[in-house]
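Take a moment with the sequence and the 3D view below. Then read on for a short tour, one part after another.

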Amino acid sequence: MKQLSQKPSSHKKKQLKRISPKVLKAIYIEAGQYALDLSKLIFGGIILTMVINADINKIVTFAIGCISIIGLTTIGFILYKKGKE
């Protein structure tokens, strides 16, 4: 079999491009806003489940909802603050 000659320049490793700090800050801000939006939606879902009187354990639903709201709100504010630095 005939071997093809390989050019050394054709197999150069592609250099990884770093994300610029400006883009990274914008990503942090958007991720923070997304987490805050999720916490608002969960809050609305908890209120709706309490209003419709469904056959669910309300205490467990309320506890899990509150824990997730507090967690997402904290993450959202941390990411938002990190994006504003």
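## Helices and the chain

Helices are DSSP runs of H or I with at least four residues, strands are runs of E with at least two, and both are numbered from the N terminus. This is a predicted model. By that rule, the chain has 2 helices and 0 strands.

The chain has 85 residues, and 12% of them are buried. About 7,800 Å² of the chain is exposed. Carbon and sulfur atoms supply 67% of that area. Now look at contacts with a separation of 6 or more. Residues 24 or more positions apart account for 74% of them.

## Helix α1

Helix α1 covers residues 21-51. Does its length fit the count? At 1.5 Å a residue, the 31 residues of α1 should span 45 Å. The C-alpha atoms at its ends are 45 Å apart, so the two values agree.

Which residues of α1 are buried? They are Ile-29, Gly-32, Ala-35, Leu-36, Ser-39 and Ile-46. These buried residues pack against α2. After α1 comes Asn-53. The phi of Asn-53 is positive, near 50°.

## Helix α2

Helix α2 covers residues 58-84. The 27 residues of α2 should span 39 Å at 1.5 Å a residue. The end C-alpha atoms of α2 are 38 Å apart, which agrees.

The buried residues of α2 are Gly-65, Ile-69, Gly-76 and Gly-83. What do they pack against? Their partner is α1. The packing can be read from the other side too, since the buried residues of α1 pack against α2.

## Where the helices meet

Start with Ser-39 in helix α1. Is Ser-39 buried or exposed? Its relative accessibility is 6%, so Ser-39 counts as buried; the cut-off for buried is under 20%. Leave aside its neighbours within four places in sequence, and Ser-39 is in contact with Ile-69, Leu-72 and Thr-73. Ile-69 is also one of the buried residues of α2. The side chain of Ser-39 makes a polar contact with the side chain of Thr-73, at 3.5 Å.

Two more pairs link distant parts of the sequence. Gly-71 sits in helix α2 and is partly exposed, at 28% relative accessible area. Gly-71 and Ala-35 are 36 residues apart along the chain, yet their C-alpha atoms are separated by 9.2 Å. Thr-74 is found in helix α2, and its relative accessibility of 42% makes it partly exposed. Thr-74 and Leu-36 are 38 residues apart along the chain, and 8.6 Å separates their C-alpha atoms. Ala-35 and Leu-36 are both among the buried residues of α1. Thr-74 has another partner: its side chain reaches the backbone oxygen of Ile-70 at 2.7 Å.

## One salt bridge

How many salt bridges does the structure hold? The count is 1. Asp-37 pairs with Lys-40, and their closest N and O atoms are 3.2 Å apart. That is within the 4 Å cut-off for a salt bridge. Side chains of opposite charge can pair when their charged atoms come close.

Why can these two residues meet? Asp-37 and Lys-40 are 3 residues apart in helix α1, so about one helical turn separates them. An α-helix has 3.6 residues a turn, so residues three or four places apart point the same way. Asp-37 is partly exposed, with a relative accessible area of 38%. Lys-40 is exposed, at 55%.

## A nonpolar patch

Which residues make the nonpolar surface patch? They are Ile-19, Val-23, Leu-24 and Ile-27. The patch has an area of about 330 Å². Ile-19 lies in the segment before α1. Its relative accessible area is 53%, so Ile-19 is exposed; the cut-off for exposed is over 50%.

Key:
Residues numbered from 1 in each chain as written. Predicted model: local features only at pLDDT ≥ 70, side-chain atom pairs only at ≥ 80, totals over all residues. Heavy atoms only, no water. Buried < 20%, exposed > 50% of the residue type's maximum accessible area, 1.4 Å probe, protein only. Contact = heavy atoms within 4.5 Å. Areas by Shrake-Rupley, 256 points an atom, 1.4 Å probe, with all protein chains shown as cover. Salt bridge = Lys/Arg side-chain N within 4 Å of Asp/Glu carboxyl O. Expected span 1.5 Å × (residues − 1). Polar contact = N/O pair within 3.5 Å; in protein donor to acceptor, adjacent residues only side chain to side chain. Patch = residues over 30% accessible without salt bridge, like charges linked within 9 Å, V, L, I, M, F, W, Y side chains within 5 Å.
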